[in-house]
Amino acid sequence: MPCISIHLAVAKKYVQEHGGIDNVQEFYNGNVYADLDVGLKAWHKALHFDKDYKQKFVERFKLDTDFNKGMFCHVMTDYLFLAQMNIGDENLKRDLYYTYDVFVKDYMKKEYGITYDMTNYTKEINELIANSQMDTKNAKVILSPKIVDDFIKRTVEAFACLSAFDGS
Ligand SMILES: [Zn+2]
């Protein structure tokens, strides 16, 4: 569960470097949707540590729209992030998810051109962060920009390898 900005950076970089997405806006929408829809919450959380996430995903959604491809990109990014970052502690997860979005917002905007209005869910994203009751004062900045940059790069490549979108 990397923060929304990181999800959007993966999505944007993927489009820039690999293309193949007709409706970029829908791809971006899909990349944030799983975190916004309460109906998907339990399903999406269960995939966080499931190495069969691709299979589980295609059991529920077809990879036939740019929105669904975006959702799959999100699910894959969550899985890789948790597998690679080694963060077990709940507080750290909280810092990473909510507080980190606040800390990295300027960096992500500057480096990747990421703003929440890239999606149709600007209002929902702002509400999600506002309702998180995050403690920005005591929050720790856990990931350095270098770690974030490296993660985004690796994830874009992993998605390019996986995204043969054949449903298999
Ligand atoms: Zn997620």
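Visitor: Let's start where helix 5 ends. Which residue follows helix 5, and what is the sign of its phi?
Guide: Asn86 comes right after helix 5, and its phi is positive, near 55°. Bear in mind that this is a predicted model.

Visitor: How do you know that helix 5 has the span its residue count calls for?
Guide: Helix 5 has 20 residues, and at 1.5 Å a residue they should span 28 Å. The C-alpha atoms at its two ends are 28 Å apart, so expectation and model agree.

Visitor: What makes helix 5 "mostly covered"?
Guide: The count of buried residues: 14 of the 20 in helix 5 are buried. To be buried, a residue needs 20 or more other C-beta atoms within 10 Å of its own.

Visitor: And what makes helix 2 "mostly covered"?
Guide: Helix 2 runs over residues 24-33, and seven of its ten residues are buried. They are Phe27, Tyr28, Asn29, Gly30, Asn31, Val32 and Tyr33.

Visitor: What covers those buried residues of helix 2?
Guide: The cover includes helix 1 (4-18), helix 5 (66-85) and helix 7 (122-130). You can see a piece of that from Leu8: leaving aside neighbours within four places in sequence, Leu8 is in contact with Tyr28, Asn31 and Val32, as well as Ile114 and Met118.

Visitor: Why is Gln25 called partly exposed?
Guide: Gln25 is in helix 2 too, but it has 14 C-beta neighbours inside 10 Å. Buried takes 20 or more and exposed takes 12 or fewer, so a count in between is partly exposed. Gln25 therefore lands in that middle class. As for where it sits, its C-alpha is 10.0 Å from that of Lys12, 13 residues away in sequence.

Visitor: Why does His18 get the label partly exposed?
Guide: His18, in helix 1, has 13 other C-beta atoms within 10 Å. The exposed class stops at 12, so His18 counts as partly exposed. From His18 to Glu127, C-alpha to C-alpha, the separation is 32 Å, with their positions 109 residues apart along the chain.

Visitor: Is Glu124 buried, exposed or partly exposed, and why?
Guide: Glu124, found in helix 7, has 16 other C-beta atoms within 10 Å, so it is partly exposed. Its C-alpha is separated by 27 Å from that of Ser144, 20 residues away along the chain.

Visitor: Why is Lys110 called exposed?
Guide: Lys110, which lies in helix 6, has 9 other C-beta atoms within 10 Å. The exposed class takes 12 or fewer, so the label fits Lys110. The C-alpha atoms of Lys110 and Ile147 are 16 Å apart, and the two residues are 37 apart along the chain.

Visitor: How do you know that the buried residues of helix 8 line one face?
Guide: The buried ones are Val148, Phe151, Ile152, Thr155, Val156 and Phe159. Looking down the axis of helix 8, they fall within an arc of 135°, so they line one face. On the other side, Lys146, Ile147 and Cys161 are exposed.

Visitor: How does the span of helix 8 compare with its expected value?
Guide: Its 18 residues should span 26 Å at 1.5 Å each, and the end C-alpha atoms are 25 Å apart, which agrees.

Visitor: Which residues touch the most other members of the largest nonpolar core?
Guide: That core has 36 residues, and the ones touching the most other members are Leu8, Ala9, Val10, Ala11, Cys73, Val75 and Ile152. Helix 1, helix 2, helix 5, helix 6 (90-112) and helix 8 (145-162) each supply at least two residues of this core.

Visitor: How do you know that the radius of gyration agrees with a compact globule?
Guide: For 168 residues, a compact globule would come out near 15 Å, and the chain has 15 Å, so the two agree. The C-alpha trace spans about 45 × 30 × 30 Å along its principal axes. As for burial, 35% of the 168 residues count as buried.

Visitor: How many helices and strands are there?
Guide: Eight helices and zero strands. Among contacts between residues at least 6 apart in sequence, 81% join residues at least 24 apart.

Visitor: Where is confidence lowest, and where is it highest?
Guide: Helix 6 is lowest, with a mean of 78, and helix 2 is highest, at 97. The chain's mean pLDDT is 87, and 92% of its residues reach 70 or more.

Technical notes:
Residues are numbered from 1 along each chain as its sequence is written. This is a predicted model: local features need pLDDT of at least 70, side-chain atom pairs count only at pLDDT 80 or more; totals for chains, interfaces and linings use all residues. Helices (H or I, at least four residues) and strands (E, at least two) are DSSP runs, numbered from the N terminus. Two residues are in contact if their C-beta atoms, placed from the backbone, lie within 7 Å. The radius of gyration is taken over C-alpha atoms; the globule rule is 2.2 Å times the number of residues to the power 0.38. A nonpolar core is a set of buried Ala, Val, Leu, Ile, Met, Phe, Trp, Tyr and Cys residues joined through C-beta atoms within 7 Å. pLDDT is the predictor's confidence in each residue, from 0 to 100. The expected span of a helix is 1.5 Å times one less than its number of residues. The arc is that of the directions from the helix axis to the C-beta atoms.
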